[in-house]
Amino acid sequence: MSSNMCTRLLCHVGSGRLSVCFSAGWYARCSSSCHYKVLHSQARAYSSHGRRSDGDSSQGRMQGLSTPVPELDFQLSRLQIDGVLRANEQSVRIPEFDRRGGPSPVLKFESNQLAANSPLEDRRSTATCLQTRGMLFGVFDGHGGHACAQVVSERLHYYIAVAMMSESGLEDLEAAMETLRPVPPILQWYKHHNDYNYRESASLYVNHLRVYWQELLASEEHGDGMSTSEALSYAFQRLDTDLSLEAQVPLANDLMHNTAVQAAFAGCTACVAHVGPDGIYVANAGDCRAVLGVQESDGSWSALPLSQDHNAANTAELQRVHSQHPSSEHQTVIVDDRLLGVLMPLRAFGDVRFKWSRELQQSVLESGGCDLEALNLYQYTPPNYLTPPYLEATPEVTYHRLRPQDRFMILASDGLWDELDNEEAVRLVAEHLTGIHLQAPVSASQRQISLGQMHQLLLRRRARATPALDLNAATHLIRHALGTNEYGEMDQERLAAMLALPDDLARMYRDDITVTVVYFNSSLNKPSRNN
(Lines give C-alpha, C1' and ligand atoms only; values in the text may rest on other atoms or scores of the structure.)
Protein backbone atom coordinates (compact mmCIF):
# COMPACT_ATOMS: atom_id res chain seq x y z
CA MET A 1 0.00 0.00 0.00
CA SER A 2 1.33 3.46 -0.88
CA SER A 3 2.17 5.94 1.87
CA ASN A 4 -0.38 8.36 0.34
CA MET A 5 -3.17 5.82 0.67
CA CYS A 6 -2.16 5.01 4.26
CA THR A 7 -2.08 8.67 5.17
CA ARG A 8 -5.52 9.29 3.66
CA LEU A 9 -6.97 6.39 5.61
CA LEU A 10 -5.49 7.54 8.91
CA CYS A 11 -6.06 11.25 8.42
CA HIS A 12 -9.67 11.52 7.28
CA VAL A 13 -10.41 14.91 8.79
CA GLY A 14 -13.86 16.40 9.23
CA SER A 15 -14.83 19.86 8.21
CA GLY A 16 -15.35 20.97 11.80
CA ARG A 17 -12.44 23.31 12.44
CA LEU A 18 -12.02 26.61 14.19
CA SER A 19 -9.39 29.03 13.00
CA VAL A 20 -7.41 30.46 15.90
CA CYS A 21 -6.74 34.17 16.12
CA PHE A 22 -3.38 33.86 17.88
CA SER A 23 -0.46 31.73 16.84
CA ALA A 24 1.90 29.66 18.95
CA GLY A 25 4.59 32.14 18.02
CA TRP A 26 3.23 34.45 20.69
CA TYR A 27 4.68 32.15 23.32
CA ALA A 28 8.12 32.22 21.75
CA ARG A 29 8.08 36.01 21.55
CA CYS A 30 6.85 36.34 25.11
CA SER A 31 9.45 33.96 26.50
CA SER A 32 12.37 35.38 24.56
CA SER A 33 11.59 38.90 25.77
CA CYS A 34 11.73 37.95 29.45
CA HIS A 35 14.61 38.92 31.73
CA TYR A 36 15.00 36.05 34.19
CA LYS A 37 14.40 37.47 37.66
CA VAL A 38 12.76 35.24 40.26
CA LEU A 39 14.10 33.30 43.18
CA HIS A 40 12.59 29.89 43.87
CA SER A 41 10.64 31.12 46.90
CA GLN A 42 9.14 33.93 44.85
CA ALA A 43 8.24 31.64 41.97
CA ARG A 44 6.65 29.16 44.37
CA ALA A 45 4.39 31.94 45.60
CA TYR A 46 3.06 32.21 42.07
CA SER A 47 2.37 28.47 41.77
CA SER A 48 -1.39 28.15 41.65
CA HIS A 49 -2.78 27.21 45.06
CA GLY A 50 0.50 25.46 46.01
CA ARG A 51 -0.94 22.03 45.23
CA ARG A 52 1.86 20.46 43.25
CA SER A 53 3.56 17.56 44.98
CA ASP A 54 7.00 18.21 43.48
CA GLY A 55 7.70 21.54 45.18
CA ASP A 56 10.20 20.16 47.68
CA SER A 57 12.22 18.33 45.06
CA SER A 58 12.18 21.45 42.90
CA GLN A 59 13.53 23.48 45.77
CA GLY A 60 16.38 21.05 46.21
CA ARG A 61 17.29 21.35 42.56
CA MET A 62 17.14 25.12 42.67
CA GLN A 63 19.34 25.36 45.78
CA GLY A 64 21.89 23.12 44.13
CA LEU A 65 22.51 25.54 41.25
CA SER A 66 25.93 27.09 41.45
CA THR A 67 25.33 29.81 38.87
CA PRO A 68 23.55 33.06 39.83
CA VAL A 69 19.80 33.00 39.37
CA PRO A 70 18.97 35.29 36.43
CA GLU A 71 16.22 37.86 36.75
CA LEU A 72 12.85 37.33 35.17
CA ASP A 73 10.44 40.03 34.07
CA PHE A 74 6.82 38.91 34.39
CA GLN A 75 5.34 42.00 32.71
CA LEU A 76 3.35 40.21 30.02
CA SER A 77 0.58 42.32 28.56
CA ARG A 78 -3.05 41.18 28.53
CA LEU A 79 -2.76 40.59 24.80
CA GLN A 80 0.33 38.41 25.25
CA ILE A 81 -1.36 36.42 28.03
CA ASP A 82 -4.42 35.84 25.87
CA GLY A 83 -2.20 34.82 22.95
CA VAL A 84 -0.43 32.16 25.00
CA LEU A 85 -3.64 30.82 26.52
CA ARG A 86 -5.59 30.69 23.25
CA ALA A 87 -2.92 29.36 20.88
CA ASN A 88 -4.27 25.78 21.01
CA GLU A 89 -7.95 26.33 21.66
CA GLN A 90 -10.59 24.61 19.56
CA SER A 91 -14.37 24.92 19.40
CA VAL A 92 -16.52 22.67 17.22
CA ARG A 93 -20.31 22.54 16.91
CA ILE A 94 -21.61 19.08 16.01
CA PRO A 95 -24.34 18.63 13.36
CA GLU A 96 -27.79 18.08 14.84
CA PHE A 97 -28.11 14.69 13.11
CA ASP A 98 -25.44 12.06 12.54
CA ARG A 99 -24.74 10.29 9.24
CA ARG A 100 -27.28 7.60 10.11
CA GLY A 101 -30.08 10.14 10.52
CA GLY A 102 -30.28 9.92 14.29
CA PRO A 103 -30.04 12.95 16.59
CA SER A 104 -26.60 13.62 18.03
CA PRO A 105 -26.28 13.55 21.83
CA VAL A 106 -23.42 16.08 21.59
CA LEU A 107 -24.12 19.74 20.84
CA LYS A 108 -20.52 20.94 20.70
CA PHE A 109 -17.13 20.57 22.34
CA GLU A 110 -14.44 23.05 23.35
CA SER A 111 -10.83 22.09 23.94
CA ASN A 112 -7.44 23.61 24.75
CA GLN A 113 -3.89 22.73 25.75
CA LEU A 114 -1.15 24.61 27.57
CA ALA A 115 2.41 23.28 27.65
CA ALA A 116 4.73 23.17 30.63
CA ASN A 117 7.08 20.59 29.12
CA SER A 118 8.96 21.47 25.95
CA PRO A 119 7.70 19.96 23.77
CA LEU A 120 4.20 19.39 25.13
CA GLU A 121 3.77 15.78 26.30
CA ASP A 122 -0.06 15.77 26.44
CA ARG A 123 -2.19 14.84 23.46
CA ARG A 124 -5.93 14.99 22.70
CA SER A 125 -8.13 13.51 19.99
CA THR A 126 -11.79 13.69 19.02
CA ALA A 127 -13.57 11.78 16.28
CA THR A 128 -17.02 10.68 15.14
CA CYS A 129 -17.51 6.96 14.46
CA LEU A 130 -18.73 6.66 10.87
CA GLN A 131 -19.48 2.91 10.75
CA THR A 132 -21.27 2.87 14.11
CA ARG A 133 -22.92 5.61 16.16
CA GLY A 134 -21.28 7.85 18.72
CA MET A 135 -18.29 10.14 19.27
CA LEU A 136 -14.92 9.42 20.89
CA PHE A 137 -13.12 11.98 23.05
CA GLY A 138 -9.64 11.25 24.38
CA VAL A 139 -7.04 12.92 26.61
CA PHE A 140 -3.56 11.40 26.83
CA ASP A 141 -0.93 12.44 29.38
CA GLY A 142 2.56 11.45 28.27
CA HIS A 143 5.60 10.95 30.47
CA GLY A 144 9.19 10.24 29.53
CA GLY A 145 8.56 12.25 26.37
CA HIS A 146 5.62 12.71 24.01
CA ALA A 147 6.17 9.65 21.78
CA CYS A 148 3.77 7.24 23.48
CA ALA A 149 0.97 9.79 23.89
CA GLN A 150 1.35 10.76 20.24
CA VAL A 151 1.03 7.19 18.97
CA VAL A 152 -1.86 6.30 21.27
CA SER A 153 -3.78 9.47 20.37
CA GLU A 154 -3.48 8.59 16.66
CA ARG A 155 -4.40 4.91 16.90
CA LEU A 156 -6.60 4.12 19.90
CA HIS A 157 -9.82 5.55 18.45
CA TYR A 158 -9.39 3.32 15.37
CA TYR A 159 -8.97 0.22 17.54
CA ILE A 160 -12.13 1.09 19.48
CA ALA A 161 -14.20 1.91 16.39
CA VAL A 162 -13.13 -1.26 14.54
CA ALA A 163 -13.98 -3.46 17.53
CA MET A 164 -17.54 -2.06 17.55
CA MET A 165 -18.06 -2.67 13.81
CA SER A 166 -20.14 -5.62 12.64
CA GLU A 167 -18.68 -8.59 10.82
CA SER A 168 -20.16 -7.36 7.52
CA GLY A 169 -18.56 -3.94 8.06
CA LEU A 170 -15.16 -5.51 8.67
CA GLU A 171 -15.59 -7.65 5.56
CA ASP A 172 -16.15 -4.46 3.54
CA LEU A 173 -12.89 -3.04 4.90
CA GLU A 174 -10.98 -6.20 4.05
CA ALA A 175 -12.47 -6.43 0.56
CA ALA A 176 -11.49 -2.85 -0.17
CA MET A 177 -7.91 -3.50 0.96
CA GLU A 178 -7.64 -6.67 -1.12
CA THR A 179 -8.92 -5.04 -4.31
CA LEU A 180 -7.12 -1.70 -3.72
CA ARG A 181 -10.44 0.14 -3.73
CA PRO A 182 -11.04 3.17 -1.46
CA VAL A 183 -11.46 1.98 2.10
CA PRO A 184 -14.73 3.07 3.76
CA PRO A 185 -13.84 5.82 6.25
CA ILE A 186 -13.89 4.64 9.84
CA LEU A 187 -13.59 7.96 11.69
CA GLN A 188 -14.18 11.63 11.03
CA TRP A 189 -11.47 13.52 12.92
CA TYR A 190 -11.69 16.99 14.42
CA LYS A 191 -8.11 18.23 14.30
CA HIS A 192 -6.58 21.48 15.50
CA HIS A 193 -4.05 22.94 13.09
CA ASN A 194 -1.28 22.39 15.68
CA ASP A 195 -2.03 18.66 15.87
CA TYR A 196 0.16 16.36 13.82
CA ASN A 197 0.57 12.68 12.93
CA TYR A 198 3.52 10.32 12.57
CA ARG A 199 3.04 10.12 8.80
CA GLU A 200 6.26 8.15 8.35
CA SER A 201 4.68 5.28 10.33
CA ALA A 202 1.26 5.42 8.65
CA SER A 203 1.81 2.22 6.64
CA LEU A 204 2.83 0.32 9.80
CA TYR A 205 -0.23 1.52 11.67
CA VAL A 206 -2.61 0.59 8.84
CA ASN A 207 -1.03 -2.85 8.41
CA HIS A 208 -1.39 -3.64 12.11
CA LEU A 209 -4.93 -2.26 12.19
CA ARG A 210 -5.70 -4.62 9.31
CA VAL A 211 -4.24 -7.59 11.20
CA TYR A 212 -6.43 -6.54 14.13
CA TRP A 213 -9.68 -6.58 12.14
CA GLN A 214 -8.64 -9.81 10.38
CA GLU A 215 -8.36 -11.46 13.79
CA LEU A 216 -11.79 -10.12 14.74
CA LEU A 217 -13.19 -11.57 11.51
CA ALA A 218 -11.61 -14.91 12.32
CA SER A 219 -13.44 -14.95 15.63
CA GLU A 220 -16.72 -16.85 15.38
CA GLU A 221 -18.25 -14.71 18.13
CA HIS A 222 -17.78 -11.24 16.62
CA GLY A 223 -21.13 -11.08 14.80
CA ASP A 224 -22.65 -7.63 15.24
CA GLY A 225 -19.48 -6.33 16.90
CA MET A 226 -18.40 -5.88 20.46
CA SER A 227 -20.41 -3.86 22.93
CA THR A 228 -19.00 -0.41 23.67
CA SER A 229 -17.65 -1.49 27.05
CA GLU A 230 -15.95 -4.59 25.60
CA ALA A 231 -14.54 -2.62 22.66
CA LEU A 232 -12.99 0.01 24.93
CA SER A 233 -11.34 -2.55 27.21
CA TYR A 234 -10.11 -4.78 24.38
CA ALA A 235 -8.78 -1.85 22.29
CA PHE A 236 -6.71 -0.46 25.17
CA GLN A 237 -5.08 -3.81 25.84
CA ARG A 238 -4.55 -4.73 22.20
CA LEU A 239 -2.94 -1.40 21.26
CA ASP A 240 -0.58 -1.67 24.23
CA THR A 241 0.39 -5.16 23.06
CA ASP A 242 1.03 -3.85 19.54
CA LEU A 243 3.22 -1.02 20.90
CA SER A 244 5.30 -3.62 22.73
CA LEU A 245 5.65 -5.96 19.73
CA GLU A 246 6.51 -3.18 17.27
CA ALA A 247 9.53 -2.22 19.36
CA GLN A 248 10.84 -5.79 19.27
CA VAL A 249 10.70 -6.63 15.55
CA PRO A 250 12.56 -5.32 12.48
CA LEU A 251 10.67 -2.58 10.65
CA ALA A 252 10.86 -1.01 7.20
CA ASN A 253 13.38 1.68 8.07
CA ASP A 254 15.35 3.19 10.94
CA LEU A 255 12.97 6.11 11.41
CA MET A 256 9.99 3.81 11.82
CA HIS A 257 11.93 1.56 14.20
CA ASN A 258 13.18 4.48 16.30
CA THR A 259 9.63 5.82 16.62
CA ALA A 260 8.38 2.42 17.77
CA VAL A 261 11.13 2.04 20.37
CA GLN A 262 10.59 5.56 21.69
CA ALA A 263 6.84 4.99 22.01
CA ALA A 264 7.32 1.73 23.90
CA PHE A 265 9.86 3.08 26.39
CA ALA A 266 7.95 6.30 27.00
CA GLY A 267 4.50 6.06 28.53
CA CYS A 268 1.11 7.72 28.72
CA THR A 269 -2.09 7.56 30.68
CA ALA A 270 -5.39 7.75 28.81
CA CYS A 271 -9.00 8.65 29.46
CA VAL A 272 -11.42 8.06 26.57
CA ALA A 273 -15.16 8.73 26.55
CA HIS A 274 -17.60 7.27 24.02
CA VAL A 275 -20.76 9.37 23.87
CA GLY A 276 -23.62 7.70 22.04
CA PRO A 277 -27.41 7.49 22.04
CA ASP A 278 -27.39 5.12 25.01
CA GLY A 279 -25.12 7.24 27.23
CA ILE A 280 -21.48 7.73 28.15
CA TYR A 281 -18.86 5.01 28.47
CA VAL A 282 -15.56 6.13 30.00
CA ALA A 283 -12.40 4.02 29.81
CA ASN A 284 -9.58 5.23 32.05
CA ALA A 285 -6.06 3.97 32.60
CA GLY A 286 -4.02 6.31 34.82
CA ASP A 287 -4.70 9.72 36.31
CA CYS A 288 -6.53 11.68 33.62
CA ARG A 289 -10.13 12.24 34.69
CA ALA A 290 -13.70 12.63 33.40
CA VAL A 291 -16.23 14.62 35.45
CA LEU A 292 -19.90 15.27 34.68
CA GLY A 293 -21.52 18.67 35.31
CA VAL A 294 -25.08 18.13 36.61
CA GLN A 295 -27.70 20.88 36.96
CA GLU A 296 -30.55 20.00 39.31
CA SER A 297 -34.12 21.26 38.98
CA ASP A 298 -33.48 23.99 41.57
CA GLY A 299 -30.61 25.38 39.48
CA SER A 300 -27.83 24.07 41.73
CA TRP A 301 -24.83 22.28 40.23
CA SER A 302 -22.92 19.19 41.27
CA ALA A 303 -19.92 17.24 40.01
CA LEU A 304 -20.26 13.53 39.26
CA PRO A 305 -16.94 11.72 38.66
CA LEU A 306 -17.05 9.28 35.74
CA SER A 307 -13.57 7.85 36.38
CA GLN A 308 -11.25 7.04 39.26
CA ASP A 309 -7.58 8.02 39.33
CA HIS A 310 -5.23 5.04 39.28
CA ASN A 311 -2.58 6.15 41.74
CA ALA A 312 -1.57 5.56 45.35
CA ALA A 313 -4.49 7.66 46.63
CA ASN A 314 -6.86 4.96 45.33
CA THR A 315 -7.04 2.21 47.98
CA ALA A 316 -8.67 -0.31 45.66
CA GLU A 317 -5.95 0.28 43.07
CA LEU A 318 -3.22 -0.28 45.66
CA GLN A 319 -4.83 -3.57 46.65
CA ARG A 320 -5.01 -4.63 43.00
CA VAL A 321 -1.32 -3.96 42.43
CA HIS A 322 -0.23 -5.67 45.65
CA SER A 323 -2.37 -8.73 44.87
CA GLN A 324 -0.41 -9.36 41.65
CA HIS A 325 2.95 -9.80 43.42
CA PRO A 326 4.28 -11.98 46.26
CA SER A 327 3.75 -10.81 49.81
CA SER A 328 7.53 -10.54 50.14
CA GLU A 329 7.33 -7.49 47.83
CA HIS A 330 4.62 -5.72 49.80
CA GLN A 331 7.03 -3.06 51.05
CA THR A 332 8.75 -2.45 47.70
CA VAL A 333 6.01 -2.48 45.04
CA ILE A 334 4.74 0.95 46.14
CA VAL A 335 7.37 3.27 47.63
CA ASP A 336 6.68 6.95 48.38
CA ASP A 337 3.31 6.60 46.61
CA ARG A 338 5.04 5.54 43.36
CA LEU A 339 5.26 2.25 41.54
CA LEU A 340 8.67 0.80 42.54
CA GLY A 341 9.42 4.28 43.87
CA VAL A 342 9.45 5.72 40.34
CA LEU A 343 6.09 6.00 38.55
CA MET A 344 3.01 7.78 39.93
CA PRO A 345 0.24 6.34 37.70
CA LEU A 346 -0.45 2.67 38.32
CA ARG A 347 -1.83 1.98 34.82
CA ALA A 348 -0.37 3.24 31.56
CA PHE A 349 0.41 2.52 27.92
CA GLY A 350 4.03 1.86 26.97
CA ASP A 351 6.45 2.04 29.92
CA VAL A 352 7.98 -1.31 28.99
CA ARG A 353 10.60 -0.76 31.70
CA PHE A 354 7.82 -1.83 34.08
CA LYS A 355 6.51 -4.67 31.87
CA TRP A 356 9.35 -6.46 30.07
CA SER A 357 11.90 -8.75 31.62
CA ARG A 358 15.39 -7.32 32.22
CA GLU A 359 16.73 -9.56 29.48
CA LEU A 360 14.23 -8.37 26.88
CA GLN A 361 14.90 -4.72 27.70
CA GLN A 362 18.64 -5.25 27.36
CA SER A 363 18.25 -7.16 24.10
CA VAL A 364 16.11 -4.48 22.44
CA LEU A 365 18.30 -1.58 23.56
CA GLU A 366 21.62 -3.24 22.70
CA SER A 367 20.82 -5.06 19.47
CA GLY A 368 18.00 -2.98 18.05
CA GLY A 369 20.27 -0.73 15.99
CA CYS A 370 18.98 2.41 17.74
CA ASP A 371 21.02 5.48 18.54
CA LEU A 372 20.07 5.48 22.24
CA GLU A 373 21.69 8.83 22.93
CA ALA A 374 19.83 10.51 20.08
CA LEU A 375 16.56 8.95 21.26
CA ASN A 376 17.27 9.99 24.86
CA LEU A 377 17.04 6.35 25.96
CA TYR A 378 19.24 4.60 28.46
CA GLN A 379 19.48 1.22 30.15
CA TYR A 380 17.78 1.47 33.50
CA THR A 381 15.81 -1.00 35.57
CA PRO A 382 13.66 0.22 38.49
CA PRO A 383 14.76 -0.93 41.94
CA ASN A 384 13.36 -4.21 43.33
CA TYR A 385 12.36 -5.31 39.82
CA LEU A 386 11.64 -8.93 40.72
CA THR A 387 8.31 -10.15 39.26
CA PRO A 388 7.36 -8.15 36.17
CA PRO A 389 5.04 -7.01 34.76
CA TYR A 390 4.22 -4.34 37.34
CA LEU A 391 2.14 -2.16 35.03
CA GLU A 392 -0.75 -2.66 32.59
CA ALA A 393 -2.96 -0.61 30.30
CA THR A 394 -6.23 -2.41 31.11
CA PRO A 395 -8.76 0.38 31.58
CA GLU A 396 -11.46 0.73 34.19
CA VAL A 397 -14.69 1.18 32.21
CA THR A 398 -17.74 2.95 33.64
CA TYR A 399 -21.17 3.66 32.16
CA HIS A 400 -23.57 6.55 32.77
CA ARG A 401 -26.98 6.89 31.15
CA LEU A 402 -27.50 10.49 30.08
CA ARG A 403 -30.27 12.39 31.88
CA PRO A 404 -31.83 15.81 31.19
CA GLN A 405 -29.84 17.36 34.05
CA ASP A 406 -26.49 16.18 32.63
CA ARG A 407 -25.25 19.32 30.89
CA PHE A 408 -21.55 18.80 30.15
CA MET A 409 -18.50 16.62 30.73
CA ILE A 410 -14.97 17.79 31.53
CA LEU A 411 -12.20 15.50 30.28
CA ALA A 412 -8.74 16.63 31.39
CA SER A 413 -5.19 15.57 32.17
CA ASP A 414 -3.93 15.74 35.73
CA GLY A 415 -2.34 19.13 35.07
CA LEU A 416 -5.81 20.63 35.55
CA TRP A 417 -6.78 18.44 38.50
CA ASP A 418 -3.54 19.39 40.31
CA GLU A 419 -4.95 22.92 40.48
CA LEU A 420 -8.75 22.49 40.64
CA ASP A 421 -10.95 19.89 42.31
CA ASN A 422 -14.02 18.45 40.59
CA GLU A 423 -16.48 20.87 42.18
CA GLU A 424 -14.40 23.95 41.33
CA ALA A 425 -14.05 22.88 37.70
CA VAL A 426 -17.79 22.20 37.32
CA ARG A 427 -18.65 25.53 38.98
CA LEU A 428 -16.37 27.42 36.58
CA VAL A 429 -17.86 25.79 33.49
CA ALA A 430 -21.41 26.18 34.83
CA GLU A 431 -20.86 29.90 35.41
CA HIS A 432 -19.30 30.20 31.96
CA LEU A 433 -22.26 28.37 30.39
CA THR A 434 -25.07 30.20 32.17
CA GLY A 435 -23.53 33.58 32.92
CA ILE A 436 -24.86 33.18 36.47
CA HIS A 437 -22.24 33.39 39.21
CA LEU A 438 -22.88 30.86 41.94
CA GLN A 439 -22.66 32.18 45.49
CA ALA A 440 -22.66 29.81 48.42
CA PRO A 441 -25.02 30.92 51.21
CA VAL A 442 -23.50 32.19 54.44
CA SER A 443 -23.23 29.21 56.77
CA ALA A 444 -24.14 29.27 60.45
CA SER A 445 -20.46 29.37 61.43
CA GLN A 446 -19.87 32.39 59.17
CA ARG A 447 -22.61 34.49 60.78
CA GLN A 448 -20.32 35.35 63.66
CA ILE A 449 -17.10 36.38 61.94
CA SER A 450 -14.73 39.30 62.26
CA LEU A 451 -14.70 42.30 59.96
CA GLY A 452 -11.50 40.97 58.36
CA GLN A 453 -13.11 37.61 57.59
CA MET A 454 -16.20 39.34 56.25
CA HIS A 455 -13.94 41.41 53.97
CA GLN A 456 -12.34 38.24 52.61
CA LEU A 457 -15.79 36.71 51.98
CA LEU A 458 -16.88 39.81 50.09
CA LEU A 459 -13.69 39.73 48.02
CA ARG A 460 -14.38 36.15 47.00
CA ARG A 461 -17.94 37.00 46.01
CA ARG A 462 -16.80 40.02 44.03
CA ALA A 463 -14.23 37.86 42.23
CA ARG A 464 -16.91 35.36 41.19
CA ALA A 465 -18.99 38.16 39.68
CA THR A 466 -16.21 39.11 37.24
CA PRO A 467 -17.29 38.48 33.61
CA ALA A 468 -15.57 35.63 31.77
CA LEU A 469 -12.67 36.71 29.56
CA ASP A 470 -12.78 33.70 27.24
CA LEU A 471 -15.45 32.36 24.89
CA ASN A 472 -13.90 28.89 25.15
CA ALA A 473 -14.73 27.05 28.41
CA ALA A 474 -11.52 25.00 28.30
CA THR A 475 -9.48 28.20 28.12
CA HIS A 476 -11.59 29.62 30.96
CA LEU A 477 -10.66 26.60 33.10
CA ILE A 478 -6.93 26.86 32.33
CA ARG A 479 -6.91 30.61 33.03
CA HIS A 480 -8.55 30.13 36.43
CA ALA A 481 -6.45 27.06 37.30
CA LEU A 482 -3.26 29.08 36.97
CA GLY A 483 -4.36 32.62 37.83
CA THR A 484 -6.82 32.43 40.73
CA ASN A 485 -5.53 33.72 44.07
CA GLU A 486 -6.60 32.77 47.60
CA TYR A 487 -9.62 35.10 47.41
CA GLY A 488 -10.89 33.50 44.23
CA GLU A 489 -9.86 36.56 42.23
CA MET A 490 -8.18 36.42 38.84
CA ASP A 491 -4.67 37.69 39.65
CA GLN A 492 -3.05 38.95 36.45
CA GLU A 493 0.39 39.09 38.07
CA ARG A 494 0.17 35.47 39.18
CA LEU A 495 -1.08 34.39 35.75
CA ALA A 496 1.65 36.34 33.95
CA ALA A 497 4.28 34.74 36.19
CA MET A 498 3.04 31.23 35.49
CA LEU A 499 3.00 31.83 31.73
CA ALA A 500 6.33 33.66 31.56
CA LEU A 501 8.38 30.92 33.19
CA PRO A 502 11.01 29.63 30.74
CA ASP A 503 10.99 26.02 29.56
CA ASP A 504 13.57 24.83 32.08
CA LEU A 505 11.56 26.19 35.04
CA ALA A 506 7.91 25.88 34.01
CA ARG A 507 7.63 22.14 34.72
CA MET A 508 8.78 22.71 38.30
CA TYR A 509 5.63 24.70 39.06
CA ARG A 510 2.92 23.30 36.81
CA ASP A 511 2.22 20.42 34.46
CA ASP A 512 1.00 20.27 30.87
CA ILE A 513 -2.75 20.92 30.89
CA THR A 514 -5.21 19.48 28.37
CA VAL A 515 -8.95 20.08 28.71
CA THR A 516 -11.95 19.09 26.59
CA VAL A 517 -15.45 20.21 27.59
CA VAL A 518 -18.30 18.31 25.91
CA TYR A 519 -21.81 19.83 25.93
CA PHE A 520 -24.78 17.48 25.71
CA ASN A 521 -28.07 17.83 23.87
CA SER A 522 -30.19 17.65 27.02
CA SER A 523 -33.48 17.74 25.09
CA LEU A 524 -32.76 14.21 23.77
CA ASN A 525 -32.73 12.81 27.28
CA LYS A 526 -36.04 14.25 28.47
CA PRO A 527 -38.76 11.62 29.04
CA SER A 528 -41.74 11.93 26.76
CA ARG A 529 -45.11 13.05 28.15
CA ASN A 530 -46.57 9.63 27.42
CA ASN A 531 -44.00 8.09 29.75
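In the predicted model, Lys108 lies over the face of Tyr519, at 4.9 Å from the ring centre. A second placement of this kind involves Lys191, whose charged end sits over the ring of Trp189, 4.4 Å from its centre. The protein that holds these residues has 18 helices and 15 strands, and buried residues make up 53% of its 531 residues. Of the contacts between residues at least 6 apart in sequence, 77% join residues that are at least 24 apart. The accessible surface comes to about 23,900 Å², and carbon and sulfur atoms account for 50% of that area.

Aromatic rings also meet one another, and the structure holds 11 aromatic pairs. For Tyr159 and Tyr212, the ring centres are 4.6 Å apart and the planes stand at 25°, so this pair is stacked, the limit for stacking being under 30 degrees. The pair links distant parts of the chain, since Tyr159 belongs to helix 6 (residues 147-164) and Tyr212 to helix 8 (residues 202-218), with their positions 53 residues apart in sequence. Both Tyr159 and Tyr212 are buried. The aromatic pair of Phe236 and Phe349, by contrast in its label, is tilted, with 5.3 Å from centre to centre and 40° between the planes. Because Phe236 lies in helix 9 (residues 228-246) and Phe349 in strand 12 (residues 349-350), this pair ties together parts of the chain that are 113 residues apart in sequence. Phe236 is buried, with a relative accessible area of 0%, and Phe349 likewise counts as buried at 0% relative accessibility. Elsewhere, Phe109, Phe137 and Tyr190 are linked into a cluster by ring pairs.

Helix 9 also contains Ser233, which has a relative accessible area of 19% and is therefore buried, the limit being under 20%. When residues up to four places away in sequence are not counted, Ser233 touches Pro395 and Val397.

The largest nonpolar core has 51 residues, and those with the most contacts inside it are Val152, Leu156, Val162, Leu187 and Phe349. Helix 6 gives the most to this core, contributing 13 residues. The surroundings of Val162 can be listed in detail: leaving aside neighbours within four places in sequence, Val162 is in contact with Leu170, Ile186, Leu209, Tyr212, Trp213, Leu216 and His222. A second, separate core has 39 residues, including Trp301, Ala430, Leu477 and Leu505.

Several features of the backbone fall within loops. A cis peptide bond, with omega at about 0°, joins Ser118 and Pro119, and Pro119 is found in the loop between strand 2 (106-114) and strand 3 (122-129). The peptide bond from Pro388 to Pro389 is also cis, with omega near 5°, and Pro389 lies in the loop between helix 12 (358-367) and strand 13 (396-400). Positive phi values in residues other than glycine occur at Asp336, where phi is near 55°, and at Asp351, where phi is about 50°. Asp336 is placed in the loop between strand 10 (334-335) and strand 11 (338-339), and counts as exposed at 67% relative accessibility. Asp351, in the loop between strand 12 and helix 12, counts as buried at 5% relative accessibility.

How values were computed:
Residues are numbered from 1 along each chain as its sequence is written. This is a predicted model: local features need pLDDT of at least 70, side-chain atom pairs count only at pLDDT 80 or more; totals for chains, interfaces and linings use all residues. Side-chain values use heavy atoms; hydrogens and water are left out. Rings of Phe, Tyr and Trp (its six-membered ring) pair if their centres lie within 6.5 Å; planes under 30 degrees apart count as stacked, over 60 as edge-to-face and the rest as tilted. Helices (H or I, at least four residues) and strands (E, at least two) are DSSP runs, numbered from the N terminus. Buried means under 20% relative accessible area, exposed over 50%, partly exposed in between (1.4 Å probe, protein chains only). A charge sits over a ring if NZ of Lys or CZ of Arg is within 6 Å of the ring centre and within 35 degrees of the ring normal. Contact means heavy atoms within 4.5 Å. A nonpolar core is a set of buried Ala, Val, Leu, Ile, Met, Phe, Trp, Tyr and Cys residues joined through side-chain atoms within 4.5 Å. Accessible areas come from the Shrake-Rupley method with a 1.4 Å probe; for residues, only the protein chains shown count as cover.
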